[in-house]
Amino acid sequence: MKITIIGTGYVGLVTGACLAEVGNDVFCLDVDQRKIDILNSGGIPIHEPGLSDIVARNIAAGRLKFSTDVAASVAHGEVQFIAVGTPPDEDGSADLQYVLAAARNIGRHMNGFRVIVDKSTVPVGTADKVRAAIAEELKKRDHNSGFAVVSNPEFLKEGAAVEDFMRPDRIVIGIDEHTPDGQRAHALMKKLYLPFNRNHERTFWMDVRSAEFTKYAANAMLATRISFMNELANLADKVGADIEAVRHGIGSDPRIGYNFLYAGCGYGGSCFPKDVQALERTAREYDQNLLVLQAVEAVNDRQKRILGAKIIERFGQDLSGRHFAIWGLAFKPNTDDMREAPSRVLIEQLVSRGATVAVYDPVAMEEARRVLTLDFESRPELLQRIRFVDTPVNALEAADALAIVTEWKTFRSPDFDRLKSMLRQPVVFDGRNLFEPEIMADAGFEYYGIGRSV
Ligand code: NAD
Ligand code: UGA
């Protein structure tokens, strides 16, 4: 099948590459010339395990192309995926300007039947707006090719995106099928996803609004689990319980399950924070307050400050003359994505109180430098207090303590003797509960986990 992907970011690039991998002829469009140039010269603009091989293989096979040519992209695919960003607006609602710009471009250039697939995470009702934007452009041109707008939200996780896309636990497709165009769209979507349904059917067919809602419901539920565990962890710290033992104790109940119950220094990324806010915003438009989600967001804002709070409690409010090592900058392992990363909050807490920090991440160094430079644009003297180092060991030198923010595998078994000898004081603040408190105590460390003060 001929497929167009509009927006070649995390979701668009993975979708395009994986659809090419199963034999489709895929054209990826982006407005960012730099990204397209990188892809056309054999590079890859993001860190995502396994992706560069698939991209290279499918470019070589002639099934995957990258371009900024809007007219050519609309001419290419009978199915057009919209996978552009939907960042938060000033009021927290999803900013639909990129989605609607993509829709208008389709309306301006289409010359035959098109299925337009909303893959971006968009609020309930967006398909109607996309449909109206396309119809308006078609009317201006006095052109009447048929089209259908489908909702097909994406559930992939960064760092495991290729695996998630190739072996999805579900494929949600929302189509309003009461028109011939809707029925045609159903047939095309079924054919497109056939290779991903080989062993058993994973597709849930539903109406468009339910599909749009499902995406927000999923992220809101996951974010709720995390904030709930974080709140319990903070209480566990006070009452002298171990949140890891509690996690096992409750996760064994199949109604609860083990996944996504890890307490830590808060959730980040481009999705949970913005999607929780956007769902709250949608509810407010309908005069409903989502009280649980308001708490989920408030708990997470506080949790992102928890490592800083523990450090301040230990070393005092005035951190001038103090130096800290920070391991892990990306919002989670296996990605270089720094969007809403808890590390940014911790660094601000420390340097604004006079400390200096030495920071290290296995893959996000370049992105971290870019993002932190922007974070401290109006306070360049604070940026001077951040030293970017090229190994975890180099971060430790003369540090008063080590803070771990991201659970990269390479941090799991450090040389503890070396760690102790390099730190000025053997103090570890572990924002992802990588280590066992008892073992750390036996090894002579002053150890602070999240919810592990047994
Ligand atoms: P991203 O910022 O990485 O990529 C978006 C891309 O769209 C950018 O390259 C941008 O230049 C391009 N773009 C913007 N306007 C365009 C236009 N008019 N025409 C062509 N290209 C245009 O975003 P992302 O992380 O891939 O997220 C995309 C959407 O998918 C969001 O709605 C997000 O919530 C959702 N989502 C993301 C993930 C994830 O893990 N990142 C997972 C599931 C869903
Ligand atoms: C999340 C969802 O897991 C995906 O299903 C969804 O498609 C995606 O958002 C999206 O809509 O964009 P992602 O943000 O890539 O994926 O990463 P997650 O693995 O969900 O982690 C998000 C954050 O939660 C990270 O900061 C992570 O450290 C934190 N987290 C996760 C916890 O603190 N505890 C946990 O138990 C799990």
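Here are some friendly notes on this predicted model, taking the two ligands, then a sheet, then a pair of helices.

1. Start with ligand 1. There are 26 residues around it, and those that come nearest are Gly7, Gly9, Val11, Ser120 and Thr121. If you want to find the shell among the named elements, look at helix H1 (10–21) and helix H5 (97–109), which are the elements giving two or more residues to it.

2. What kinds of residue surround ligand 1? The shell holds 12 nonpolar residues, nine polar ones and five charged ones.

3. Now turn to ligand 2, which has 20 residues around it. The nearest are Glu158, Tyr262, Tyr267, Gly269 and Cys271. Helix H9 (residues 208–239) supplies the largest share of this shell, with three residues. Keep H9 in mind, as we return to that helix below.

4. By class, the shell around ligand 2 is made up of 11 nonpolar, five polar and four charged residues.

5. Next comes a sheet that is well worth tracing by eye. Six strands make up this open sheet, with parallel pairing, and their order is S11-S10-S9-S12-S13-S14. Strand S11 (386–388) and strand S14 (446–448) are the edges, since each of them pairs on one side only. From one strand to the next, the twist averages 20 degrees.

6. Zoom in on one edge of that sheet. Strand S13 (residues 427–430) runs parallel to S14, and three bridges join the two. A handy landmark here is Phe429, which stands opposite Tyr448 in S14. Helix H13 (residues 306–315) packs on the sheet, where it touches strand S12 (401–404), S13 and S14. The direction of H13 makes about 155 degrees with that of S13.

7. Back to H9, this time with a partner, helix H12 (residues 291–303). How do the two helices lie relative to each other? Their axes come within 9 Å and cross at roughly 55 degrees, and H9 and H12 are therefore oblique to each other. The crossing is left-handed.

8. Which residues make the contact between H9 and H12? From H9 come Ala220, Ala223, Thr224, Ser227, Asn230 and Glu231. From H12 come Val292, Leu293, Val296, Val299, Asn300 and Gln303. Sorted by class, this contact has six nonpolar, five polar and one charged residues. Try picking out H9 in the structure and following it: the helix gives three residues to the shell around ligand 2 and also crosses H12.

Notes. Residues are numbered from 1 along each chain as its sequence is written. Chains are lettered from A and ligands numbered from 1 in the order in which they are written. This is a predicted model: local features need pLDDT of at least 70, side-chain atom pairs count only at pLDDT 80 or more; totals for chains, interfaces and linings use all residues. A residue is near a molecule or strand if its C-beta atom, placed from the backbone, lies within 6 Å of it. Helices (H or I, at least four residues) and strands (E, at least two) are DSSP runs, numbered from the N terminus. Ala, Val, Leu, Ile, Met, Phe, Trp, Tyr, Cys and Pro count as nonpolar, Asp, Glu, Lys and Arg as charged, and the others, Gly among them, as polar. Two strands pair if DSSP finds at least two bridges between them. Axes are lines fitted to C-alpha atoms, for helices over the stretch in contact, and angles run from 0 to 180 degrees between N-to-C directions. Two residues are in contact if their C-beta atoms, placed from the backbone, lie within 7 Å. Angles under 35 degrees count as roughly parallel, over 145 as roughly antiparallel, 65 to 115 as roughly perpendicular and the rest as oblique. A crossing is left-handed if the near helix is turned anticlockwise from the far one by less than a right angle, and right-handed if clockwise.
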